[in-house]
Amino acid sequence: MTTVRQRKVGKGTEGAEDQPSEEKSVKPDGKNLSDHTSGKLWNILSITVGGIVAISLGLLTSVYVATLHENDLWFSNIKEVEREISFRTECGLYYSYYKQMIQAASIQQGLHGLVYDNKTESVRTINILERMNVYQEVFLSILYRILPIQQYLEPVYFYIYTLFGLQAVYVIALYITSWLLSGTWLSGLLAACWYITNRIDTTRVEFTIPLRENWALPFFAVQIAAITYLLRTNLQPAQERLTFVAVFIATFLFSLTWQFNQFMMLIQALALFVLDCFDLLPTAKVTWLYIIQISGLLLVCVLQFFNSMILGSLLISFNASVLIARTIQKNLKKGPLLNRLGKLILHVLLVLCLTLLINKFIKKILNLESDEHIFKFLKAKFGFGATRDFDANLYLCEEAFGLLPLNTFSRLSDTLLFYIYVFVLFFMTVAAVIVAFRNLRTSYNTSYFFCLISGSNQVQLMEKMGECTITLKPDAAYNLIHTVLFGCLALSTMRMKYLWTSHMCVFASFGLCSTEVWKLVLKCIHLYTSQRMHVMKYSIPIITLLYISYKFWPGIMDELSELREFYDPDTVELMNWIKSNTPNTAVFAGSMQLLAGVKLCTGRTLTNHPHYEDKNLRERTKQIYQIYAKRSPEDVYGILRSFGTDYVILEDSICYERRHSRGCRLRDLLDIANGHIMDGLGENEPDLKPSMYPRFCEEIKKNLPSYTTHFIRVFQNKTFHVYKLAKHK
């Protein structure tokens, strides 16, 4: 097991307010001209200060997580093999391709090795650029080779510093989104502080550096910031075009760097669809956003050599269905309330039916089964029938794919984030419901408000409108639905909480600094005045910042002063033995997580690996894992040899696993899939039967003749047992 231990060392104010949609015409006298000039200067000063604060917080966050990483592992002092082992599971697999490109004789040879790879999956040649999202590793390796930095910076540091640098982009994007929504950079400051103080729940970059989401989420945050700006009401045509370009670039980079991009953007597309149905967003902009999503994903599909999983994604089917349905159903947003509701229901049903039909047709044409394990997992997770499918159960039994733990809310509440988030969410949801109902009641909609006043005098009505309306700007409406949908995703699947918690910081800080929210709150308790609203808008965020600083600054300083050291001697010993005692062409079998490290540290060929988005690989992994099932030595030997295996690594932590409860241990999942009764006390399903053979990983250690005929133990320590397969004629 990889652990960390204590390191043994000796010494060792404000501007940029909400801008009105229309400027009042003023007489060009000296006083008004002076006021106008001073206002512009104040805005420029505010934007400058806010920008400096944003960049400073971004850089501080990068330094913060880099320092935590160094302090946790003593990364600068450990050996190269220990550094590589610290890239656990799939992280090690991704980093291995960066290392492979760096060590290649030329860039062309490195690319050829990725396109025609025969070391990641034995007896099979695969295209890594098609199967995996590793263009970022390719780009970084090329950049490292052409820049004159080799003498000053090791490849591993160039890699990890790039990821830590992206954290600066992430925080700046969150800051800007909150600033755009509220009109004050104080909101951005609060969002960034919440992101840092809730680090445990907002990021895991310092200990899973090469993970795909750590590449993708900064670009996703940039995309959200660009969409937020795009949905402002008074953009000039040139500003609008530039913003669309920014959205496209961010969408493309997000899609290129994470294999789960299509599912995240599907949720985003659903948010746009809901808002468009209720007239909360401009239809023309929504249409362009659908097209941008499709275009970005198709461009990634081309770069990934027409990856069939992308072509068969629900996102492409859904967006195409929305555009087709909109063409079929004309005048969807006109007519009385009941008429519009009927049209809306038909529209939703039409879109859903078209989505399923188009997606089924594409998958039938392409014979696509790469993502079937995800839908099996979702079906079992949400109670649509139990499953004995090994792949689905493998996900169901992992804590990361379970429900969001309740202690998450306790931690988020300590910084006041969760309380304020719920407060803002409640009032914003009320406003959204009122505005949506108002939009449905009218035959045509030109504004985003619900007005309760009446009277014949239009001038008086316009003067009172600001005091009597509940408004919801398009950018706020989008971020509201975004946070609700991604909140549902996080509640159902813990691994996806990082998409929600970071946006939670944005949404809560925006609400706390929002004119609209405080106006609505004060009106509800009949205390509204303009002065009180401004006092609340600035005083509450400042008090919150002071509280966060007082409570968490000492803890952050203690965290930065705590020094530990990477310590995993058993894995280091295993990797060194493999490099010294096995040929470069040797093929290794074992657990997915360990084999990723074997490839990175030794360059040996694998039978399987953790990138699970391929049906053949999933079937292969299930077969390899029979080393932990109740199978005969002859069966296991035949399976391993069919994949060209020379050595098999058995791990005591899996064979005698106690981390999971009965029914979720890997050996239990294999027993259920094989129709065998599980070990230990407890119930078994009626149709499960005892196996004719003992558990392979336990019995092989007894050195019985039936096992030693096929397997010869060549390495052993407290954690790992390596057996060489005999070569029978």
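**Exercise 1. Find the loop that holds Trp74, then look at its phi.**

Step 1: Trp74 sits in the loop between helix H1 (30-73) and helix H2 (80-85). Helices here are DSSP runs of H or I with at least four residues, strands are runs of E with at least two, and both are numbered from the N terminus.

Step 2: Phi of Trp74 is near 55°, a positive value in a residue that isn't glycine. Most residues other than glycine have a negative phi.

Step 3: Now try Phe305, found in the loop between H13 and helix H14 (308-311). Its phi is also positive, near 55°, and Phe305 isn't glycine either.

A quick word on the model: it's predicted, so local features need pLDDT of at least 70 and side-chain atom pairs count only at pLDDT 80 or more, while totals for chains, interfaces and linings use all residues. Residues are numbered from 1 along each chain as its sequence is written, and side-chain values use heavy atoms, with hydrogens and water left out.

**Exercise 2. Describe how H24 packs against H25.**

Step 1: Start with the axes, which are lines fitted to C-alpha atoms (for helices, over the stretch in contact), with angles from 0 to 180 degrees between N-to-C directions. Those of helix H24 (residues 515-524) and helix H25 (residues 530-561) come within 9 Å and cross at roughly 120°.

Step 2: Name the arrangement. Under 35 degrees is roughly parallel, over 145 roughly antiparallel, 65 to 115 roughly perpendicular, and the rest oblique; H24 and H25 are therefore oblique to each other.

Step 3: List the contacts (heavy atoms within 4.5 Å). From H24 come Thr515, Trp518, Lys519 and Leu522, and they meet Arg532, Met533, Met536, Lys537 and Ile540 in H25. Sorted by class, that's five nonpolar, one polar and three charged residues. (Ala, Val, Leu, Ile, Met, Phe, Trp, Tyr, Cys and Pro count as nonpolar, Asp, Glu, Lys and Arg as charged, and the others, Gly among them, as polar.)

**Exercise 3. Work out the layout of the five-strand sheet.**

Step 1: Read off the order: this open sheet runs S6-S5-S7-S9-S8, with mixed pairing. Two strands pair if DSSP finds at least two bridges between them.

Step 2: Look at the edges. Strand S6 (605-606) and strand S8 (711-716) each have a single partner strand, so one side of each is left without a neighbour in the sheet.

Step 3: Zoom in on one pair. Strand S7 (residues 647-651) and strand S9 (residues 720-725) run antiparallel, joined by five bridges. Val648 stands opposite Tyr723 in S9.

Step 4: Add the helix. H26 (residues 569-581) lies across strand S5 (587-589), S7, S8 and S9, at about 20° to S9.

**Exercise 4. Compare where the two domains sit.**

Step 1: The domain assignment, which comes from an automatic or database source, gives domain 1 (87-152) and domain 2 (569-725).

Step 2: Their C-alpha centres lie 27 Å apart.

Step 3: Across the two, 20 residues of domain 1 are in contact with 22 residues of domain 2.
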